[in-house]
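Me: I'm new to this and would love a close look at just one part of a structure, plus whatever surrounds that part. Here is the one I have in mind.

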Amino acid sequence: MSLSRLRNLIIGDAQADRVVPPSGFTAQLTLFVSGAMAFLAVFALALSLASGRLADRWADELARAATLRINAPAEQRAAQTEAALAILDQTPGVASARALSREEQAALLAPWFGAELPLDNLPVPQLIEVIEDEPGYDATGLRLRLQAEVPGAILDDHTRWRAPLVDAAQALRRLAWVSILLIGGATAAMITLAANAALAANAQVIEVLRLVGALDSYIAQAFIRRFTLRALVGASVGIALGMVGVWLMPEASREGGFLTGLGFQGWTWLLPLLIPLLGAIVAFAATTRAANKRLGDLA
């Protein structure tokens, strides 16, 4: 777009603006569609960013943590736990290892069995939390040593849990971006229909303007400006409502899991401000195409 066209789009021409009716169903349709689609785009963008954060968190936390389970008779459990901790302390790549207390294990089982679970009467294995450092450890070698020295130890490095969770989060992220693209396409389609309706309703006015010497570019500019500004205003209202809705959602918490923390964080609050600009660009392109095609058919 040239600077002159951009200036004309912003400043406009009062006489040319009269070509496009300032009210009616085309104006209402353009405002409603652009506002509704911008509102949905805000939530799709929030879902995309939250899914990316969730995938990164799961990948980081599950990749660095592992669980060692001691399945042994009650009389041997303490000895095997001490032996396993000694092996872990000697293993390169293990940053820390600690046995979970009885209260911590009860808290892990409470969501499924209740807070009053009698651990003393149940054969609950001893759990050891293993945190690896940056280089990591040799999981295969550690399993072989544990199998030889601590028969009741089973190492779970969360590999089978990590990959599906991360893949699911990434799939949600891709779905959100696809939704944004579909929102943009639907916006362009609806604005094109509204512009075609306005051009058809003003066919006689266009013929009169041509008879008095008006160029097609002059006539098209009037439609393009009106629909672009309508889309910009509607999208601005839509993102304002969408950002308020996102702001009112619960904050991120480990207890809430994925159901919380779907909002924006830090500088990402600025990203929705691009949606009205993108909506105006979509409206400009759609109306330009519709106006050129319609004026060509009327020629």
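What is the handedness of the crossing of H8 and H9, left-handed or right-handed?

Reply: The crossing of H8 and H9 is right-handed (the near helix is turned clockwise from the far one by less than a right angle; anticlockwise would be left-handed). Before going on, keep in mind that this is a predicted model, where local features need pLDDT of at least 70 and side-chain atom pairs need 80 or more, while totals for chains, interfaces and linings use all residues. Residues are numbered from 1 along each chain as its sequence is written, and side-chain values use heavy atoms, with hydrogens and water left out.

Now the helices themselves. H8 covers residues 203-211 and H9 covers residues 216-247; helices here are DSSP runs of H or I with at least four residues, and strands are runs of E with at least two, numbered from the N terminus. The axes of H8 and H9 come within 10 Å and cross at roughly 145°, with axes being lines fitted to C-alpha atoms over the stretch in contact and angles running from 0 to 180 degrees between N-to-C directions. On the H8 side, Ile206, Leu209 and Arg210 make the contact, and they meet Asp216, Ile219 and Phe223 of H9 (contact means heavy atoms within 4.5 Å).

Phe223 turns up again when you look at threonine 287. That threonine sits in helix H10, residues 274-298. Leaving out residues up to four places away in sequence, threonine 287 touches Phe223, Ile224 and Phe227, along with Ile191 and Ala195. Threonine 287 has a relative accessible area of 0%, so it counts as buried; the cut-offs are under 20% for buried, over 50% for exposed, and partly exposed in between, with a 1.4 Å probe and protein chains only.

Phenylalanine 227 has another neighbour: arginine 230 lies over the face of its ring, at 4.9 Å from the ring centre. To count, CZ of Arg or NZ of Lys must be within 6 Å of the ring centre and within 35 degrees of the ring normal.

Zooming out, the chain has 10 helices and 4 strands. Read along the sequence, they follow the pattern α-α-α-β-α-β-α-β-α-β-α-α-α-α. Of its 299 residues, 39% are buried. Among contacts between residues at least 6 apart in sequence, 83% join residues at least 24 apart.
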